[in-house]
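Q: I've got a model open and I'd like to learn how to read its features one by one. Can you walk me through it?

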Amino acid sequence: MRPLRALALYLGGVIVGGALLAPWVHGMAQALAADSGFFHKLSQQPFSRYLTRCFLVLALVGIWPLARAFHIRNWRDLGWTSPRGQGKNLAWGLIAGFASLAVALGLGLALGGRSWDAERTAAQIARHLFNALSAAVVVSVLEETLFRGAIYGALRRAYGWRTALMASSALFALVHFFGRVQWQEAVAWDSGLRALPQLFAGFLDVQQLLPGFINLALAGAILAWLYERSGSLYASVGLHAGWIFWLKTGGFFTRIPPDSSTWVWGSAKLLDGWVAMPVLILVGIWAVRVLERAWTAGMAISKNNED
């Protein structure tokens with residue numbers, strides 16, 4: 001099966017399947033609420049949470065069939081080469097990811113686009129840091145395996161790395177640009193399907209589309225470039241993890257003043273503001289200029305040692 005066809009079936013299955021599954025899971029939680037404290041707590045969650053969780057579950061379940069359709073047979077095909085000697089790539093990625101969005105956040109604080117939220121206890125900070133670090137590790141590994149290892153890798157083999165970089169980056173931005181569903185009606189069997197248009201509402205809002213979608217596509221392109229040039233996922237996982245840490249942490253430690261422009265400084269997501277674009281461009285230049293030289297030099301040394 002051609003990669004684009006397999007990818008379209010995968011995405012369609014996740015979105016339509018999740019929309020059909022969410023009302024059923026919601027109804028099951030409501031039916032079991034009286035018999036279990038866990039289901040009682042679960043039953044209080046908004047329908048939008050059921051919808052997003054069903055998307056996530058189906059996306060994870062579908063990774064292996066998608067990999068088989070892409071003719072991916074082992075972990076190496078997904079970009080997970082031997083970790084030996086990859087510590088430097090992982091470290092460079094982590095440093096760049098952590099430092100870049102820290103700069104974007106710092107600019108907002110320095111120029112009045114954000115303010116510190118001092119109403120945090122030590123227990124809240126410790127719990128948040130644990131959750132943010134856990135999310136950074138888990139999400140970066142899963143998303144890099146899917147978007148770069150599987151999708152970019154399959155598209156590259158079929159269409160070349162330039163087309164694969166543009167297509168996978170656009171898809172990465174699309175998936176992360178989906179809007180939050182607000183469902184106020186009674187939940188019926190077709191509620192998920194009727195809620196789907198809300199996922200794409202951001203594309204009708206210029207201030208969400210620009211620069212949010214562009215920044216996400218640029219981030220995806222940088223991650224794909226790191227994978228392409230390093231030959232493994234370690235550098236892109238490190239960079240992605242550093243970004244996720246601040247995406248989770250920026251909104252925890254700072255507030256957005258009422259008179260601040262989220263279009264300029266970004267919301268809690270950080271990447272949806274104009275201030276993030278020059279930062280991402282600098283990361284891209286760093287990846288192309290600095291890491292490219294380091295990898296080229298490393299390959300030359302390895303070749304000389306073999307000779």
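**Reading the surface, the pocket and the pairs**

A: Happy to, and let's begin on the outside: α3 (47-61) and α6 (122-159) each supply at least two residues of a nonpolar patch. Keep in mind that this is a predicted model.

Q: Which residues form the nonpolar patch on the surface?
A: Look for Leu56, Leu60, Val137, Val138, Val141 and Leu142, which together have about 460 Å² of accessible area. The helix that gives the most is α6, with 4 residues.

Q: Take Val141 as a case. Is Val141 buried, partly exposed or exposed?
A: Val141, found in helix α6, counts as partly exposed because its relative accessibility is 31%. The partly exposed class runs between 20% and 50%.

Q: How do I go about reading empty space?
A: The general idea is that rolling a probe the size of a water molecule over the atoms shows where empty space is left. Here, the largest pocket comes out with a volume of about 2200 Å³.

Q: What lines the largest pocket, and which residues lie nearest its centre?
A: The lining has 49 residues, and Glu143, Val175, His176, Phe177 and Phe178 are the ones nearest the centre. Several helices each give at least two residues to the lining: α1 (3-32), α3, α6, α7 (161-177), α9 (206-230), α10 (234-253) and α11 (262-265).

Q: How many residues of the lining are nonpolar, polar or charged?
A: Sorted by class, the lining of the largest pocket has 31 nonpolar residues, 10 polar ones and 8 charged ones.

Q: Let's move on to charges. What should I look for?
A: Side chains of opposite charge can pair when their charged atoms come close. The cut-off for calling a salt bridge is a nitrogen of Lys or Arg within 4 Å of a carboxyl oxygen of Asp or Glu. With that rule, the count in this model is 7 salt bridges.

Q: Which residues are linked in a network of salt bridges?
A: Head for Asp117, Glu119, Arg120 and Arg255, which are linked in such a network. Within the network, Asp117 meets the side chain of Arg120 in a salt bridge, with 3.3 Å from N to O. Asp117 also forms a salt bridge with Arg255, and there the closest N and O atoms are 3.3 Å apart.

Q: Why does the pair of Asp117 and Arg255 tie together parts that are apart in sequence?
A: Check where each partner sits: Asp117 lies in the loop between β1 (115-116) and α6, and Arg255 in strand β2 (residues 254-255), so the pair ties together parts that are 138 residues apart in sequence.

Q: Which of Asp117, Arg120 and Arg255 are buried, and which are partly exposed?
A: Asp117 counts as buried, at 10% relative accessibility. Arg120 is partly exposed at 28%, and Arg255 is partly exposed too, at 39%.

Q: Where do Arg148 and Glu144 lie?
A: Both lie in helix α6, 4 residues apart, which is about one turn of the helix. Arg148 and Glu144 form a salt bridge, their closest N and O atoms being 2.6 Å apart. Arg148 is buried because its relative accessible area is 0%, and Glu144 is buried with a value of 0% as well.

Q: How do I compare spacing in sequence with spacing in space?
A: Put the two numbers side by side. Gln198 and Arg180 are 18 residues apart in sequence and 7.1 Å apart in space, C-alpha to C-alpha. Gln198 lies in helix α8 (residues 191-199) and is partly exposed, with a relative accessible area of 25%. For another pair, try Val61 and Ser168: they are 107 residues apart along the chain, and 20 Å separates their C-alpha atoms. Val61 is found in helix α3 and counts as exposed, at 57% relative accessibility.

Q: And the backbone? Which peptide bond is cis?
A: Go to the bond from Leu210 to Pro211, which is cis, with omega near 10°. Pro211 is found in helix α9.

Q: Where are His71 and Leu270 found?
A: His71 is in the loop between α4 (63-69) and α5 (87-110), and its phi is near 65°, a positive value in a residue other than glycine. Leu270 is in the loop between α11 and α12 (276-306). Leu270 has a positive phi of about 70° although it is not a glycine, and it counts as buried at 2% relative accessibility.

How values were computed
Residues numbered from 1 in each chain as written. Predicted model: local features only at pLDDT ≥ 70, side-chain atom pairs only at ≥ 80, totals over all residues. Heavy atoms only, no water. Patch = residues over 30% accessible without salt bridge, like charges linked within 9 Å, V, L, I, M, F, W, Y side chains within 5 Å. Areas by Shrake-Rupley, 256 points an atom, 1.4 Å probe, with all protein chains shown as cover. Buried < 20%, exposed > 50% of the residue type's maximum accessible area, 1.4 Å probe, protein only. 1 Å grid on protein atoms, 1.4 Å probe; cavity = no way out; pocket = protein on both sides within 12 Å on 5 of 7 lines; lining within 4 Å. Points joined across faces, edges and corners; volume = space filled by probe spheres on them. Nonpolar A, V, L, I, M, F, W, Y, C, P; charged D, E, K, R; others polar.
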